[in-house]
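Me: Could you walk me through this model and tell me how each label is earned? I like to see the cut-offs beside the values.

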Amino acid sequence: MLGRLHVLTDARPGRDAVAVARAALAAGAPLFQVRVEDGVHDRDFLDFAAEVRALCRVYGATCLINDRVDIALAVQADGVHLGAFDLPVSVARRLLGSSAIIGATSRDAAGARAALVDGADYVGVGPCYHTSTKDGLPDPIGPAGLELAAHVGLPAIAIGGVTLERVPELLEAGAYGVAVVGAVNSADDPGVATKALLKALS
Ligand SMILES: Cc1ncc(COP(=O)(O)OP(=O)(O)O)c(N)n1
Ligand SMILES: Cc1nc(C(=O)O)sc1CCOP(=O)(O)O
Ligand SMILES: [Mg+2]
């Protein structure tokens, strides 16, 4: 079953993303998405992904790779998350096979319907709120925008500015789950933050 809490790695310089991953996984995070900053060398992405993938195995969690089908194959991840500028879902499916988990970013209902037709397993819908984690995003769609994309037949994972306090309104709008960077990676205690998010999602 697809996890309801997707924790994305925060590999910005100066952060110990692996320590955060270990704490979140130990606290029960069911799914990690390995995401690195633009410009990271392939070799470094590969090594980091292999480390997180190995940790996910220890804790029985799902491991997805952001953007990169080749790295997912190389570390035997469970799947990938793909956006508008990444490989199409259909190509990733051909390369990864039917059992791979493939997520697609959707910004509206039309995008979510396209992801469904393309064979995605879930849609990452956002930005739901303002986020300081990523630049260049369109205006936030809010719970109302999420609601439109969450009812096309694929599990919707709300992303962008998701906090513990916002989880109830996102679930109310039809989210299957949430994806977070800051809410876990910038928390004083990533394990405690993970547990609180899981409780809110249950
Ligand atoms: C769950 C989830 N939803 C959306 C995204 C964003 O993906 P994308 O649009 O490809 O942007 P980058 O993350 O690659 O910068 C995501 N990663 N995860
Ligand atoms: C990686 C990413 N993609 C988004 C999108 O809307 O496509 S928002 C986002 C960053 C999410 O970080 P935080 O939980 O700290 O707001
Ligand atoms: Mg992408």
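Reply: Gladly; below, each label is set against its rule. This is a predicted model, in which local features need pLDDT of at least 70 and side-chain atom pairs count only at pLDDT 80 or more, while totals for chains, interfaces and linings use all residues. Residues are numbered from 1 along each chain as its sequence is written, chains are lettered from A and ligands numbered from 1 in the order in which they are written, and side-chain values use heavy atoms, with hydrogens and water left out.

Me: Which residues are closest to ligand 2, and what makes a residue count as surrounding it?
Reply: A residue is near a molecule if one of its heavy atoms lies within 4 Å of it. Ligand 2 has 14 such residues, and the closest are Arg107, Thr131, Thr133, Gly161 and Gly182.

Me: Why is the pair between Thr133 and ligand 2 called a polar contact?
Reply: The term asks for a pair of N or O atoms within 3.5 Å (inside the protein, one must also be able to donate a hydrogen and the other to accept it, and residues adjacent in sequence count only if both atoms are side-chain atoms). A polar side-chain atom of Thr133 is 2.5 Å from an oxygen atom of ligand 2, so the pair qualifies. Backbone atoms join in too: a polar one of Gly161 is 2.7 Å from an oxygen atom of this ligand, and an N or O atom of Gly182 is 2.9 Å from one.

Me: How much of ligand 2 does the protein cover, and how is that area computed?
Reply: On its own, ligand 2 has 420 Å² of accessible area, of which the protein covers 95%. Such areas come from the Shrake-Rupley method with a 1.4 Å probe; for residues, only the protein chains shown count as cover.

Me: How do you know which polar atoms hold ligand 1 in contact range?
Reply: The same test applies. Polar side-chain atoms of Gln33 and Asn66 each lie 2.9 Å from the ligand, Gln33 from a nitrogen atom and Asn66 from an oxygen atom. A polar backbone atom of Gly83 lies 3.3 Å from an oxygen atom of ligand 1, so this pair also passes. Of the 430 Å² that ligand 1 exposes alone, the protein buries 89%.

Me: What makes the shell around ligand 1 six parts polar?
Reply: Ala, Val, Leu, Ile, Met, Phe, Trp, Tyr, Cys and Pro count as nonpolar, Asp, Glu, Lys and Arg as charged, and the others, Gly among them, as polar. By that sorting, the shell of ligand 1 has three nonpolar, six polar and five charged residues. Ligand 2 has five nonpolar, six polar and three charged ones.

Me: Which residues does UniProt list as "binding site"?
Reply: The unreviewed UniProt entry gives Gln33, Val34, Arg35, Val36, Glu37, Asn66, Thr105 and Lys134. Annotations of this kind may be inferred rather than shown by experiment; feature names are shortened and positions follow the numbering used here.

Me: What is notable about the backbone at Pro127 and Asp67?
Reply: The Gly126 to Pro127 peptide bond is cis, with omega near 5°. Asp67 has phi near 75°, a positive value in a residue other than glycine.
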